[in-house]
Amino acid sequence: MRRTVLGQFPAGGPRGSRPAEEFAAARRGEGMAAEVVMDLEQDAFLVVAPRQPTDRGR
């Protein structure tokens, strides 16, 4: 499945701080299907949304 990265947040934030979760919740409040995933190679949390298929046949 293809995804679009909406935001990237460092994993080493202050204790109790969840900026990626807050960002994703705000996007969901706007009607987007946003979720948080971990990028282990970059040690960061990514907020992603499924990529919408394009209508190239029209």
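Two rings of Phe, Tyr or Trp form a pair if their centres lie within 6.5 Å. In this predicted model, that rule gives one aromatic pair. The partners are Phe9 and Phe23, with ring centres 5.5 Å apart and planes at 55 degrees. Planes from 30 to 60 degrees apart count as tilted, so this pair is tilted. Phe9 belongs to strand S1 (residues 3–10), whereas Phe23 belongs to helix H1. The pair therefore ties together parts that are 14 residues apart in sequence.

The two rings differ in burial. Phe9 is buried, at 17% relative accessibility. Phe23 is partly exposed, at 24%, because the cut-off for buried is under 20%.

Phe23 also has a charged partner. The charged end of Arg27 sits over the Phe23 ring, 4.4 Å from the ring centre. Arg27 is found in helix H1, which spans residues 19–29. Its relative accessible area is 16%, so Arg27 is buried. Beyond its neighbours within four places in sequence, Arg27 contacts Leu6, Met32 and Ala34.

Ala34 and Phe9 recur in the largest nonpolar core. That core has five residues, and the others are Ala20, Ala24 and Val47. In soluble globular proteins, nonpolar side chains tend to be buried together. Sequence neighbours within four places aside, Val47 has contacts that include Phe9, Ala20, Phe23, Ala24 and Ala34.

Strands S2 (residues 35–39) and S3 (residues 44–50) run antiparallel and are joined by five bridges. Val37 has Leu46 in S3 as its bridge partner. Four residues lie between the strands of this hairpin, where Asp43 takes a positive phi near 50 degrees.

Methods. Residues are numbered from 1 along each chain as its sequence is written. This is a predicted model: local features need pLDDT of at least 70, side-chain atom pairs count only at pLDDT 80 or more; totals for chains, interfaces and linings use all residues. Side-chain values use heavy atoms; hydrogens and water are left out. Helices (H or I, at least four residues) and strands (E, at least two) are DSSP runs, numbered from the N terminus. Buried means under 20% relative accessible area, exposed over 50%, partly exposed in between (1.4 Å probe, protein chains only). Contact means heavy atoms within 4.5 Å. Two strands pair if DSSP finds at least two bridges between them. A nonpolar core is a set of buried Ala, Val, Leu, Ile, Met, Phe, Trp, Tyr and Cys residues joined through side-chain atoms within 4.5 Å. Rings of Phe, Tyr and Trp (its six-membered ring) pair if their centres lie within 6.5 Å; planes under 30 degrees apart count as stacked, over 60 as edge-to-face and the rest as tilted. A charge sits over a ring if NZ of Lys or CZ of Arg is within 6 Å of the ring centre and within 35 degrees of the ring normal.
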